[in-house]
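Hi,

Here is the structure I said I would pass on. Could you open it first and then read my notes underneath?

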Amino acid sequence: MSTSESSAAGEQPVFDVASPGSGGGIGRCGMPVDVEQCVETAPPDSFEPVVQWTATGMDSVVLPLVANLTDDNGDGNIDVYDTPDVVIVGSVTNVLHVLDGATGAEHFSIPSVSGLLTPALGDIDEDGLPEIVTGDTTVGLPPTTLAVYEHDGTFKFRSAQQFGGAFTAIALADLDNDGDVEILAGDTLYDHLGNALWAGFGYVTYVIAPTIADLDGDGDQEVIFGNKAYQDDGTLYFDVPSVAPDGVGLFPQIGNFDGDDHPEVVVGHRGGVTILEHEGTIKVSAAAPHADGSAGVYPGTIHDFDGDCVSEFAVSSGNFYTVYEPDLSVLWSAPVRDASGVAGGTAFDFLGDGVSEAMYGDEIFMFVFNGINGSVFFQTPRSSGTAIEYPTVADIDNDGSAEIVVVSNSGPWSVQVIQDQQNRWIQARRIWNQHTYHVTNVNEDGTIPQFEEPNWHSLNTFRTNAQIEGGSVCRPTPPEG
């Protein structure tokens, strides 16, 4: 029985299996919207975080991922009635762990994976179940071999051709809309069988999370490294030599900041932040978030933090975590400690009041900030040398309330899950499948859209999750005034 079939007589599982696009009309922000406004809100003063569970022995600098991989209720299906699973990669042990989202108990593990590579979860073979796409253990420097496993950890295949990349991340998408999923790993694009299609840089790339989006509006998607972008067939789309010419330290984020029909590419790199037009023209060149001399390559978050109907972007510069308006004016800035500057953040409106909370994990704490002014709502200890990991938000136990998942690579625990003490937070999607997650890149059942809705046409977010109601993505109503 497929995952779309019912696991309870007379009922159909409610999965967000279609990209946002059913709402239409004009939203409260005065812009066309492709998602409905949310209705549900949490009671006032409902932000009371407590620890739901912790796990040890899996020290990690790879962000936690979430998807349904196991049949938890024993009905023979893997669907919405089951508990989502949390995927953790041990960065010292090179072991991938699949944990029950409700309890943290381990379902199974996969040895000999790359502990410095963020995997991706998604259905690449059209069997209705997500695969685990990762890399083999490497000794010393890459290149690395692509390795793919079934949802239950059974080995599926290993690529013949290696890819270049350290502290990098895998992304999944159907670039050419043919129904077959492509795999982007480091500098190389593979087909769904693991055959290398083309390589971008032609050399090893470090500390990079490339992404995929339809920049030019032709229906096919481009591969975006930040300083370069390629068409789906490997043809060079743009090249900006002034941005990280060695391919080291690149994080592109895609969003719309000027209201036209095309997105911008916000590129975090060692020189600061560069904003490119969709065709590669430099809009803002290497703006340093803080002239404090701190390092940083900035995995960014795009979200409407303050409920003003405009998406901002947030980045770390090593000593500060800062939210910027599209004109690069500072909404707020908070002190953090991350010598490498490569850790990232996310955001979510836990109360459904139109104002989002911002989350960021530095070397010693995971912070939750007020999205309007950056004051600290909550902090919990963590210990990390930081790679390109960041906290993730999803309904990991299927209780209708969002949770926060954060990892550490030393200290008393490896994974910590935070929930509201009365489960009053609104429901997030039950999936977070890759480092460059942006909601429209994956359906909630783990299938990859054949025709991906541009995220900037609907939510205009990046590295943040969406609220769901009745199985459908919705947009929190902005506050009055």
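Start at Q37: its opposite number in strand 37 is R475. This is a predicted model, by the way, so please read everything below with that in mind. Q37 belongs to strand 1, residues 36-37, which pairs with strand 37, residues 472-475, in the parallel sense. Two bridges hold that pairing.

Strand 37 has another partner too. Strand 36, residues 467-469, runs antiparallel to strand 37, and three bridges join them. One of the pairs to look for is E469 with S472, the latter sitting in strand 37. Strands 36 and 37 form a hairpin with two residues between the strands. In that hairpin, have a look at G470, where phi is positive, near 60°.

Now for the cysteines. How many disulfides does the structure hold? Just one, formed by C38 and C474, with the sulfur atoms 2.1 Å apart. Going by the 100° about the S-S bond, the link is right-handed. It ties together distant parts of the chain: C38 lies in the loop between strand 1 and strand 2 (49-55), while C474 is in strand 37, and the two are 436 residues apart.

And are C38 and C474 buried or exposed? Buried, both of them.

So if you want one place to begin, pick strand 37: it pairs with strand 1 in the parallel sense, is joined antiparallel to strand 36, and carries C474 of the disulfide.

Cheers

How values were computed:
Residues are numbered from 1 along each chain as its sequence is written. This is a predicted model: local features need pLDDT of at least 70, side-chain atom pairs count only at pLDDT 80 or more; totals for chains, interfaces and linings use all residues. Side-chain values use heavy atoms; hydrogens and water are left out. Two strands pair if DSSP finds at least two bridges between them. Helices (H or I, at least four residues) and strands (E, at least two) are DSSP runs, numbered from the N terminus. A disulfide is a pair of cysteine sulfur atoms within 2.5 Å. Buried means under 20% relative accessible area, exposed over 50%, partly exposed in between (1.4 Å probe, protein chains only).
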